[in-house]
Amino acid sequence: MPLIRRKTEETGIKTSELISALSKIRSGISTKGLVEGFGNYSLDSDFIRTYNDHICISYPFKTGVVASVNADNLNAVLNKIDSETVELKIVDNSLVIKGGNTKAGLIKADGVKHIPINGEWKDLPDDFLHGLSLCSFSAADTMSMGILYCVHVNKENLYSSDNYRISRYKLSSAISDTFLIPAKSAEEVAKFKVNKYLLDESWVHFKSDLGVIFSCRIVAGVYKDVDRFFEVNGKEFTLPENIKKYVDSSLVMADGKREFEKKIEMTLSKDQIILRGETETGWIESKVPCELELDESFKVEINPVFLNEVLNKSTSIIIRDGRALFKSENFQHVMVLP
């Protein structure tokens, strides 16, 4: 009786390099498990891909095999292998992983999911990722807020807002397109050193010199003109560099139940800034020495959570008519005062 020969493909690669590559594209994995394939790593011969309908990441990594397998299972197996190299082999409908004395088989899913890319790549400004990172924190953190969940890329400017604060970053050079990218996706693409982009009807694709392609589903909608909110006229002050740690202290007694409702009292005078947090159960006060060009002191209420975030980016401030405008060379951030 003749033997039945099973079709096999195999490859040998460094275990640590494979684990590192998988960790870099983990954000493209869906943890909800609602759609088959969204929780998988797709090994596509010369690429490893992840896809979850919101983002798709294609990472150049030669495995020599084609298989889509459960991401958690593949990570678990690789983390149990203590040999320097691992062998990947396709046997019938399984991806067989062997390293040292450990061997495992993972059932393949149907198909390798990725986004077709057609068109001409365009250059991104050198500071695009920096601006994207600065603006991402101001966007709303829930999709129920519609387009406020996004960063608005508008040719020469990037915008974001959650209705309580607005950020604007002026790029060093303009791009030719306008689109809305979810802030969560923007935070992820900022982790890769992309320098080119391509926009189609539903997706914006970013590419690095190393060949990494990060595709992000764009959002349909019209972003309102918010430039007028940055017209805050008044005297500009530079806050002391060490003020952030005192804002941290005031948070323990910040009044307000929800994050965006919290507030502390900030009193500015020519030789000091007083930060005071007070609730029904207690209070805390910090005095920060400084030199400000003020004829008389004034007092404002401010959200310490938002203040802490923006102080990481700018300490130049103008306060007037219920708004605080923070400024750096290309970045501006307006915060509505409580």
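This passage walks through a helix pair, a helix with a buried face, and one serine in a predicted model.

The helix pair comes first. Two packed helices are described by the angle between their axes and the distance between the axes. For helix H1 (residues 15-24) and helix H2 (residues 71-79), that works out to an angle of about 150 degrees, with the axes 11 Å apart. H1 is therefore roughly antiparallel to H2, as angles over 145 degrees count as such. The crossing of H1 past H2 is left-handed. On the H1 side, the residues that make the contact are Thr15, Leu18, Ile19 and Leu22, and they meet Leu74, Asn75, Leu78 and Asn79 of H2. Sorted by class, this contact has 5 nonpolar and 3 polar residues, with no charged ones.

Further along the chain sits helix H5, covering residues 243-250. Its buried residues are Ile243, Val247 and Ser250. Looking down the axis of H5, these buried residues fall within an arc of 55 degrees, so they line one face of the helix. As for what covers them, the list includes strand E18 (264-268), strand E19 (272-279), strand E20 (282-289) and helix H6 (304-311).

Then there is serine 94, which belongs to strand E7 (residues 94-99). Its relative accessible area is 16%, and because buried means under 20%, serine 94 counts as buried. Leaving aside residues up to four places away in sequence, serine 94 touches Lys89, Leu106, Ile107 and Lys108. Lysine 196 is another matter: 102 residues separate it from serine 94 in sequence, and the C-alpha to C-alpha distance between the two is 36 Å.

Key: Residues numbered from 1 in each chain as written. Predicted model: local features only at pLDDT ≥ 70, side-chain atom pairs only at ≥ 80, totals over all residues. Heavy atoms only, no water. Buried < 20%, exposed > 50% of the residue type's maximum accessible area, 1.4 Å probe, protein only. Helix = DSSP H or I, 4+ residues; strand = E, 2+ residues; numbered from the N terminus. Arc of directions from axis to C-beta. Contact = heavy atoms within 4.5 Å. Axes fitted to C-alpha atoms, helices over the stretch in contact; angles between N-to-C directions. Parallel < 35°, antiparallel > 145°, perpendicular 65-115°, else oblique. Left-handed = near helix turned anticlockwise from the far one by under 90°. Nonpolar A, V, L, I, M, F, W, Y, C, P; charged D, E, K, R; others polar.
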